[in-house]
Amino acid sequence: MGDKPIWEQIGSSFIQHYYQLFDNVRTQLGAIYIDASCLTWEGQQFQGKAAIVEKLSSLPFQKIQHSITAQDHQPTPDSCIISMVVGQLKADEDPIVGFHQMFLLKNINYAWVCTNDMFRLALYNFG
Amino acid sequence: IPCGIKYDKTWIVNSIQSHCNVPFTPVAFHYNKNQAHFFVQDASAACALKNVNCKIHDEKNQKVFVFVNLSAKPQSMQKMLKPKEMAQLKLTLNKRYDVSQQALDLQRLRFDPDLVKHHIDIILNRRNCMAATLKIIERNFPELLSLNLCDNKLHQLDGLLDIIEKAPKVKTLNLSKNKLKSAWELDKVKGLKLEELWLEGNPLCSTFSDQSAYVDGQELGSPIIIGTEAPEIIKPCKESYKGSETIKSLVLQFLLQYYLIYDSEDRKGLLSVYHDKACFSLTTTLNPEDPESSSLEKYFKDSRNIKNIKDPRLRVQLLKHTKHEIVDSLSVLPRTQHDLNSYVVDLCIQTERMLFFSVNGVFKEVEGESPGSVLAFTRTFILTSISNS
């Protein structure tokens with residue numbers, strides 16, 4: 001593990017943890033957000049741990065599976081980490097669709113939390 | 001060397017050298033667009049190199065062109081310290097080196113009276129100055145343990161990228177009162193096995209709550225903790241035991257007798273319980289700095305938390321060996337009263353001659369700093385049977 005820069009290690013661990021929770025028990029995602037966190041889900045804004053968990057728990061599917069195609073991580077000047085994920089997901093029996101997600105991670109009291117989260121499906125025909 | 005970009009540095013230099021009867025040292029070898037460039041210091045080498053033109057053939061059997069021109073000193077050389085300056089720097093560093101501690105104090109090096117007197121400007125933030133300093137350290141103080149770079153207006157630590165080669169044994173690094181803006185700078189010195197790192201007085205401090213101690217987790221990488229909430233409370237499980245009743249009663253009997261003596265006035269009775277070569281250690285997870293746990297001093301003293309204690313000697317020291325050492329250290333702990341009703345006993349391993357089980361429970365401190373306080377514990381026992389007992 002020692003050859004990758006530390007922000008990559010942290011970013012990858014977070015990504016792995018996030019999608020594992022999301023795919024299996026997304027109601028427990030609350031632990032990674034704080035009250036100042038922001039989520040933009042398909043253009044809708046949510047702020048605060050409670051609002052975010054409510055939105056994620058109320059998404060209209062029973063089963064969800066994410067498959068990550070690529071992830072990138074960068075350190076920020078204020079010692080945070082910015083991560084970008086590109087992948088595909090399958091909800092219930094719907095067709096597989098691509099998605100993009102971006103996270104901003106901050107270290108608070110030795111634990112990494114997500115302060116900003118933006119999600120979009122890769123759909124191009126809005127008509 | 002036009003088209004030099006396609007050649008590997010070592011190959012091209014060796015090839016040229018083999019065709020050139022004058023030995024030369026290539027200086028500042030670099031690639032610029034398609035070309036490879038390097039400098040040589042003396043004219044005879046330059047002349048000989050001129051003759052190498054078209055003499056070398058590459059893998060595709062194409063001629064390698066080598067052109068030679070007169071030029072000014074390469075940029076990087078211009079910034080290097082002159083030999084006289086290096087000599088003075090070495091003297092200055094010698095004065096600042098404490099042999100007994102193997103510590104080098106480079107605080108405010110730029111304003112050192114010796115350097116100022118000789119008009120030598122050592123700005124450590126500049127790579128050439130830092131490189132020169134590290135070169136002297138590598139040659140003269142290779143066993144360096146502590147480096148103080150306080151108050152040198154360091155904006156970045158790029159100059160310390162090779163510190164792991166030049167001063168590998170450094171355990172204490174003082175970077176306080178500099179201009180470091182981001183904690184990511186520290187990634188550049190991550191190869192060092194630091195035990196102490198000073199960062200106060202840097203702009204980056206406002207972005208982090210505290211960074212007073214930095215221990216490089218070599219055996220165990222520092223855990224990456226994600227999320228702030230405690231996990232769901234796991235409901236305590238009901239008692240269930242599927243083994244033999246004799247073992248169960250043996251364990252319970254042992255615990256009854258053990259804690260009878262343990263809770264009594266004099267723990268010396270435990271001498272008959274422990275084997276001659278028994279071992280004991282205790283750990284507490286509470287933070288000794290925390291004012292709330294100051295009453296638990298006696299437990300901190302002997303706490304052997306392997307995660308925090310890396311020094312092998314200390315680790316051995318804190319492991320109590322022989323029954324006398326054990327009973328002595330147990331006798332120092334405050335008088336207790338254990339609540340046997342609270343016990344949850346797990347039997348981990350059971351063989352003909354050995355029992356390995358753990359006890360989780362609570363006890364009350366009966367006297368000492370804070371009588372009446374209730375503490376929770378987990379204790380693991382390994383019992384062996386010798387002859388019939």
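**Close-up views of a two-chain predicted model**

**View 1. Meet chain A, the one with 2 helices and 6 strands.** The accessible surface of chain A comes to about 6,900 Å², and carbon and sulfur atoms make up 54% of that. This is a predicted model, so keep that in mind for every view. Walk along the sequence of chain A and you meet its elements in the order α-β-β-α-β-β-β-β. Chain A has 127 residues, and 46% of them count as buried. Take the contacts in chain A between residues at least 6 apart in sequence: 45% of these link residues at least 24 apart.

**View 2. A turn of the backbone at A:E42, in the loop between β1 (33-41) and β2 (44-47) of chain A.** Look at the backbone here: A:E42 is not a glycine, yet its phi is positive, at about 50°. Most residues other than glycine have a negative phi. A:E42 counts as partly exposed because its relative accessibility is 29%.

**View 3. Over to chain B, with its 11 helices and 16 strands.** Chain B runs to 389 residues, and 34% of them count as buried. About 25,000 Å² of chain B is exposed, with 54% supplied by carbon and sulfur atoms. Among contacts in chain B with a separation of 6 or more, 60% come from residues 24 or more positions apart.

**View 4. Where chain B meets chain A: 17 residues of chain B are in contact with 28 residues of chain A.** Together the two chains bury about 1,700 Å², and 59% of this is on carbon and sulfur atoms. Three residues to pick out are B:W184, B:I224 and B:I226, which supply 40% of the area that chain B buries against chain A, more than any other three residues.

**View 5. Inside the second largest pocket, which holds about 1,600 Å³ of space.** Its lining takes in 49 residues, and those nearest the pocket centre are B:F254, B:Y258, B:Y274, B:T380 and B:F381. Chain B elements giving two or more residues to this lining are α8 (245-262), β11 (279-280), β15 (354-365) and β16 (374-384). By type, the lining of the second largest pocket splits into 29 nonpolar, 17 polar and 3 charged residues.

**View 6. B:H37 and its surroundings in strand β2 (residues 35-39) of chain B.** B:H37 has a relative accessibility of 29%, so it counts as partly exposed. Setting aside neighbours within four places in sequence, B:H37 is in contact with B:A28, B:F29, B:H30 and B:N32. Also worth finding is B:G4: it is 33 residues from B:H37 along the chain, with 8.0 Å between their C-alpha atoms.

**View 7. B:R96, in the loop between α4 (83-95) and β5 (97-98) of chain B.** Is this arginine, B:R96, buried or exposed? B:R96 counts as buried, because its relative accessibility is 18% and the cut-off for buried is under 20%. Leaving out residues up to four places away in sequence, B:R96 touches B:A103, B:L104, B:D105, B:L106, B:Q107, B:R108, B:L109 and B:D112.

**View 8. B:D151, in the loop between β7 (146-148) and α7 (163-166) of chain B.** Here is another residue to check for its backbone angle: B:D151 has a positive phi of about 55° although it is not a glycine. With a relative accessible area of 23%, B:D151 is partly exposed.

How values were computed
Residues numbered from 1 in each chain as written. Chains lettered and ligands numbered in written order. Predicted model: local features only at pLDDT ≥ 70, side-chain atom pairs only at ≥ 80, totals over all residues. Heavy atoms only, no water. 1 Å grid on protein atoms, 1.4 Å probe; cavity = no way out; pocket = protein on both sides within 12 Å on 5 of 7 lines; lining within 4 Å. Points joined across faces, edges and corners; volume = space filled by probe spheres on them. Helix = DSSP H or I, 4+ residues; strand = E, 2+ residues; numbered from the N terminus. Nonpolar A, V, L, I, M, F, W, Y, C, P; charged D, E, K, R; others polar. Buried < 20%, exposed > 50% of the residue type's maximum accessible area, 1.4 Å probe, protein only. Contact = heavy atoms within 4.5 Å. Areas by Shrake-Rupley, 256 points an atom, 1.4 Å probe, with all protein chains shown as cover. Buried area = accessible area lost by both parts, 1.4 Å probe.
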